[in-house]
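Subject: Structure for your review

Dear colleague,

I am handing over the structure below, and I would be grateful if you could look through it alongside my notes. The notes go through single residues before they turn to sheets, ring contacts and overall figures.

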Amino acid sequence: MADYYDLLGVARDSDADTLKRAYRRLARQYHPDINKEPGAEDKFKEIGRAYEVLSDPQTRARYDQFGEAGLGGAAGMPDMGDMGGFADLFETFFSGFGGGGMGGSGGAGARRRGPRQGDDLRFDLTVSFSEAVFGKEKEIQIRHLETCSTCSGSGAKSGSGPTSCGTCGGAGQVRRATRTPFGSFTQVAPCPTCEGTGQVIADPCNACGGQGLQQVRKKLRINIPAGVDSGTRLRVANEGNAGQRGGPPGDLYVFLTVQSHPHLRRDGINIHSEVTVNYLQAILGDTIEVETVDGAEQLEIPAGTQPGAVLTLTGKGVPKLGNPVARGNHLIAIKVQLPTKLNREEKELLEQLAGHHTAKGHKHPHKSGLFGGLFG
């Protein structure tokens, strides 16, 4: 069999990262699902065996001293644990074929034993219609995990510390060789004793129970920007759960729900409402007071305004999220209220008006009777 270093194309003093990069490159090249050329599968097995031997410091030392004769066991697939489990195996074979891989450069064993980022958290917050339009600073309370102040995150009592796991020897993984009709395979799983950390805590911290984390209630002030709407998500960096073993904390995501307004309705950056005027205001015109998000505003009703007409208050809508200087409009639909009863004086005046229009020849093809030409 060829020299294992030559198979991987690396120098004999190469470090672990160099070995891993070389193996991943060759694994992608010769994997049977990708390379259908004759001999590709055998080549894949050879480089897998070479990496399996050289990635383990003990077997590598025996190989460097005695060569192939210093090794026992049949050739097999590479150490899946060192490749980071299924997710990183997928990355090994397919990263570079249409996009990035599924994980980082380190294996799952390294991720389990090393720092682990804390989880992100979600907080649902309800704000008023006005707060959503103009923005506001709000105070909230959250419960999240923080690094234990008693043991500084180690999980062990003061004066003690984690020790190497006796089940896995500190590797964080247990291996089992399995023979199948397709050859021998090495199955790797997280150690059940230490849960993949490689360490156990014989004397855990009383404050956190050996977890290195404590649940804490915390007050935060959240800046609600102008123009938010229901479904807007705000990110508060580093306010999620604390990371384990010195890992960075996660983030807090605040999901907003905006309360409805009794008279105003929002559509994007525009606001809609209705106002009712009497028939004389619609006919003769008037200036009335209407409710807006900025308070009471004067609205001019032009003479001859028709029922259902929409009048606009420019710049009285919602600020654009991220650009509060730009605001939408307030659109006001006009409803005209007609009287159901008239006193004698009102009726006489309307009859005189109707007669005046009829005398001037203001006929409407779809009207008839005394008032046929009144609104022609």
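Ser 152, at 60% relative accessibility, counts as exposed, because the cut-off for that class is over 50%. Please keep in mind throughout that this is a predicted model. Ser 152 belongs to the loop that runs between strand 2 (136-147) and strand 3 (163-164), and its phi is near 60°, a positive value in a residue other than glycine.

Asn 238 also deserves a look, since it has a positive phi of about 65° although it is not a glycine. Asn 238 is found in the loop between strand 8 and strand 9, and with a relative accessibility of 49% it counts as partly exposed.

The two strands that flank this loop take part in an open sheet of three strands, which has the order 1-9-8 and mixed pairing. At the edges of that sheet are strand 1 (121-127) and strand 8 (233-236), each of which pairs on one side only. Direction ignored, neighbouring strands of this sheet are turned by 25° against each other on average. Strand 8 and strand 9 (residues 252-258) run antiparallel and are joined by four bridges; within this pairing, Arg 233 has Phe 255 of strand 9 as its bridge partner. Phe 255 appears again in a contact of another kind, as the charged end of Arg 122 sits over its ring, 3.8 Å from the centre.

A further open sheet, of four strands, follows the order 10-11-17-14, again with mixed pairing. Strand 10 (265-267) and strand 14 (310-313) each have a single partner strand, so that one side of each is left without a neighbour in the sheet. From one strand to the next, the twist averages 35°. Strand 14 runs antiparallel to strand 17 (residues 330-337), with four bridges between the two, and Leu 331 in strand 17 is the bridge partner of Thr 312.

Strand 12 and strand 13 form a hairpin that has two residues between its strands. Strand 12 (residues 286-292) and strand 13 (residues 295-301) run antiparallel and are joined by seven bridges, and Ile 288 is placed opposite Leu 299 of strand 13.

Lys 320 has its place in strand 15 (residues 319-320) and, at 46% relative accessibility, counts as partly exposed. Once its neighbours within four places in sequence are left aside, Lys 320 is in contact with Ala 226, Ile 269 and Ala 326. Of these partners, Ile 269 is 51 residues apart from Lys 320 along the chain, while the C-alpha atoms of the two are separated by 6.3 Å.

Turning to the aromatic rings, how many aromatic pairs does the structure hold? There is one such pair, formed by Tyr 23 and Tyr 51, whose ring centres are 4.6 Å apart and whose planes are at 15°, so the pair is stacked. Because Tyr 23 lies in helix 2 (residues 16-30) and Tyr 51 in helix 3 (residues 40-54), the pair ties together parts that are 28 residues apart in sequence. Tyr 23, at 0% relative accessibility, counts as buried, and Tyr 51, at 1%, likewise counts as buried. A separate contact involves Tyr 30 and Lys 43, where the charged end of Lys 43 sits over the ring of Tyr 30, 5.9 Å from its centre.

Some overall figures may help you to place these details. The protein has nine helices and 17 strands, and buried residues account for 35% of its 376 residues. If one takes the contacts between residues at least 6 apart in sequence, 63% of them join residues at least 24 apart. The protein exposes about 22000 Å², of which carbon and sulfur atoms supply 50%.

With best regards

Note on methods: Residues are numbered from 1 along each chain as its sequence is written. This is a predicted model: local features need pLDDT of at least 70, side-chain atom pairs count only at pLDDT 80 or more; totals for chains, interfaces and linings use all residues. Side-chain values use heavy atoms; hydrogens and water are left out. Rings of Phe, Tyr and Trp (its six-membered ring) pair if their centres lie within 6.5 Å; planes under 30 degrees apart count as stacked, over 60 as edge-to-face and the rest as tilted. Buried means under 20% relative accessible area, exposed over 50%, partly exposed in between (1.4 Å probe, protein chains only). A charge sits over a ring if NZ of Lys or CZ of Arg is within 6 Å of the ring centre and within 35 degrees of the ring normal. Two strands pair if DSSP finds at least two bridges between them. Axes are lines fitted to C-alpha atoms, for helices over the stretch in contact, and angles run from 0 to 180 degrees between N-to-C directions. Contact means heavy atoms within 4.5 Å. Accessible areas come from the Shrake-Rupley method with a 1.4 Å probe; for residues, only the protein chains shown count as cover.
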